[in-house]
Each structure stands twice: as C-alpha cells, then as structure tokens.
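Subject: Structure handover and what was found in it

Dear colleague,

I am passing on the structure we spoke about, together with some notes on its side-chain contacts and loops. Please have it open beside this message as you read.

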Amino acid sequence: MSDRKIAFITGATRGIGKEIALELSKNGFDVVLNYRKETEDMPELKKQIESNGAKCFFTQGDVSNFEDCTRMAEEIINEFGRIDVLVNNAGITKDGLIMRMKKEDFDAVIDVNLAGTFNVTRNVISYMIKQKSGRIINVSSVVGVSGNAGQTNYSASKAGIIGFTKSLAKEVASRNILVNAIAPGFIDTDMTNILSDTVKESINTQIPLKRMGTPNEIAKVVKFLSGDDSSYITGQVIHIDGGMLM
Ligand SMILES: NC(=O)c1ccc[n+]([C@@H]2O[C@H](COP(=O)([O-])OP(=O)(O)OC[C@H]3O[C@@H](n4cnc5c(N)ncnc54)[C@H](OP(=O)(O)O)[C@@H]3O)[C@@H](O)[C@H]2O)c1
C-alpha cells in the first residue's frame, strides 16, 4: 500500500473545498472529493489533482443524509483502506431576517452545515479510532463567533460547529485524533459572489486588511492543520479573516 495519506473533503468541487483538495494533493495526500451535483469541470479537476502526483476519487452524496455519509465512508475504505484527514467543508446559506425566515430555511442550513458535520464525522470516526490517528478540520465561520444580522440560521450552525469541535477534540484526543475548526472571514467564492459590488466594498472597509480572502489562503491553513507541524494543536478555532474579528 502507498504511504500517501488520504484526505476526505466534503463539498470539494467548488470554492474553498476545491482549493483544499488541490492544496492537499500538492502536499502528499491522495484526495477524496465529495460532491452533491456533478459539474462539467470535474474531469479537469481530476486531471489537475493527478498532475500533482495524487490519486483523485470522487464520492457523490448529500451530507445532510446520514445513509449517504455511511455509504461514502465505506466507498473510501474499500478504495484506500483508511481515512487520515476529514475536512467538513460543505455548507450553504439561506439568509433572511428572522421575521421573514421560513422554518424550512432555518432547518435546511442546520441540516447541511451542522447535522452534516455530525453525519460525516460519525461515519468516519470509527475508522480513525481503529487507525489510532486522524485529523478533523471543521469549517466554521467568523459569524459563528460574532453573529450577523440576517444569518441567525447560518451563525447558529457555525457556532454549533465550534461546540461540536471542542467536545469531539476532548473525546478523541486519547485516540490520537486532533479536531480543530477554522473560521474564515469574507472569502471570494460563489457563496459571496451573490453580493453586489457595493455590499462587497462596504464589507471590505470593515476588514483591517481591506480585502476579501482567497480560497487558497484558507487551504494553506487546512494543509497546516492536516500535517505534522500542527501535532500539538487540538480543540482550537483558527480565524482566517484579515483581522475582521479580533
Ligand atoms: N465564502 C466565504 O466567505 C465563507 C466564509 C466563512 C465560511 N465559509 C464556509 O466555507 C465552506 C465552503 O464555502 P464556499 O464559500 O466554498 O461555498 P460554495 O462555493 O457555495 O461551495 C459550497 C460547497 O458545499 C457543497 N454542498 C452544499 N450543500 C451540500 C450538501 N448537502 N452535501 C454535500 N455538499 C454540499 C456544494 O456542492 P454543490 O456544488 O453540489 O452545491 C459546494 O461544493 C462552507 O462551509 C461555508 O459556510 C465560507
């Protein structure tokens, strides 16, 4: 068997997840990319990953569906025999002020972002426990710490991820599994591209570094948390936000 490590990234064919898959593939990991909807650039992404000397394996599934998560974990074990790193990245927004927020929009965001993180982790953790090693990196958000008007659902899901991360870190530390969260600020992806240029400019003025972050600036921190250089870090929330929240 190859000595490359296996990283499983959810929501990995677009945005931050895609960049994490690419970055890890350049740094000694074979990568498993979860996707929900097939996209036409997936063959090109596979080529890019393979040109970095890594294996690329796709697994389809909705993280809010527990059975999908069981099947995805089994597919990875059948293919690679282990899972070294799990990045719970898949996430959605359905913004709105609470007076107008529909119950289904609240539930959908909690189901994907928070329950999805549980569903995937619950299905992967037993393999990591057997291996006596693992890294889990959960993608929270700056608004999970600060709150944000119009995002009660999203902020609650991201704050929940922080509690989940700290509790799990305490539970599995004795098994040599390290669990951390990252809290990105305002990052240039499809998720933020729905905002008008005026809104973006106004957010940028509130960021000490005066600009949005790039997906690669997130991926680099995930690489650090996945590797040997972060072997004494667990239960932490690493902010990557240009100083937005201090
Ligand atoms: N962009 C930011 O400013 C920012 C800031 C803080 C935190 N974050 C967090 O960073 C993560 C990635 O965000 P992004 O900006 O890269 O967003 P994005 O470009 O909208 O990508 C979201 C990814 O999640 C996947 N996804 C959504 N629902 C899913 C489900 N039920 N099952 C499986 N995959 C699902 C999407 O897959 P499909 O292509 O199939 O829809 C897509 O690959 C999210 O957790 C987000 O909350 C982003």
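The notes below take the aromatic pairs, the charged side chains and a few loop residues in turn. Please keep in mind throughout that this is a predicted model.

Aromatic pairs

The aromatic pairs come to three in number. One of them joins Tyr35 and Phe58, whose rings meet edge-to-face with 6.1 Å from centre to centre and 85° between the planes. This pair links distant parts of the chain, for Tyr35 belongs to strand 2 (residues 29-35) and Phe58 to strand 3 (residues 56-60), with their positions 23 residues apart in the sequence. Tyr35 counts as buried because its relative accessibility is 12%, and the limit for that class is under 20%.

Another pair is formed by Phe57 and Phe80, which is again edge-to-face, with 5.9 Å centre to centre and 85° between the planes. Phe57 lies in strand 3 whereas Phe80 lies in helix 3 (residues 66-80), so this contact ties together parts that are 23 residues apart in sequence. Both partners, Phe57 and Phe80, are buried.

Salt bridges and charge

In the whole structure there are ten salt bridges. Which side chain does Asp190 meet in a salt bridge? The partner of Asp190 is Arg14, at a distance of 2.7 Å from N to O. Since Asp190 sits in helix 7 (residues 190-193) and Arg14 in the loop between strand 1 (5-9) and helix 1 (15-25), this salt bridge ties together parts that are 176 residues apart in sequence. Asp190 has a relative accessible area of 44% and is therefore partly exposed, and Arg14, with 46%, is partly exposed as well.

Helix 3, which also holds Phe80, contains Arg71 and Asp68, three residues apart, or about one turn of the helix. The side chains of Arg71 and Asp68 meet in a salt bridge of 3.7 Å, N to O. Arg71 also forms a salt bridge with Glu75, and here the closest N and O atoms are 2.8 Å apart. Because Arg71 and Glu75 are four residues apart in helix 3, about one helical turn separates them. As to accessibility, Arg71 is partly exposed at 29% relative accessibility and Glu75 is partly exposed at 26%, whereas Asp68, at 17%, counts as buried.

A network of salt bridges links Glu23, Lys220 and Lys223.

Turning to charge on the surface, Arg36, Lys37, Lys94 and Lys102 gather there in a patch of positive charge. Of these residues, Lys94 is placed in the loop between strand 4 (85-88) and helix 4 (103-131), and Lys94 counts as partly exposed because its relative accessibility is 36%.

Loop residues

The loop that holds Lys94 is also the place of Gly91, between strand 4 and helix 4. Gly91 is partly exposed, its relative accessibility being 30%. From C-alpha to C-alpha, Gly91 and Thr10 are 8.9 Å apart in space, although 81 residues separate them in sequence.

Arg175 is found in the loop between helix 6 (152-172) and strand 6 (177-184), and with a relative accessibility of 41% Arg175 counts as partly exposed. Its C-alpha lies 8.3 Å from that of Met128, while the two residues are 47 apart in sequence.

Two lysines deserve a look at their backbone angles. Lys132 has a phi near 60°, a positive value in a residue other than glycine, and Lys132 is located in the loop between helix 4 and strand 5 (134-139). With a relative accessible area of 59%, Lys132 is exposed, the limit for that class being over 50%. For Lys210, too, phi is near 60°, a positive value in a residue that is not glycine. Lys210 lies in the loop between helix 8 (197-205) and helix 9 (215-226), and Lys210 is exposed, with a relative accessible area of 52%.

With best regards

Technical notes:
Residues numbered from 1 in each chain as written. Predicted model: local features only at pLDDT ≥ 70, side-chain atom pairs only at ≥ 80, totals over all residues. Heavy atoms only, no water. Phe/Tyr/Trp six-rings, centres within 6.5 Å; stacked < 30°, edge-to-face > 60°. Buried < 20%, exposed > 50% of the residue type's maximum accessible area, 1.4 Å probe, protein only. Patch = residues over 30% accessible without salt bridge, like charges linked within 9 Å, V, L, I, M, F, W, Y side chains within 5 Å. Areas by Shrake-Rupley, 256 points an atom, 1.4 Å probe, with all protein chains shown as cover. Salt bridge = Lys/Arg side-chain N within 4 Å of Asp/Glu carboxyl O. Lys, Arg positive; Asp, Glu negative; His and termini not counted. Charge placed at Lys NZ, Arg CZ, Asp CG, Glu CD.
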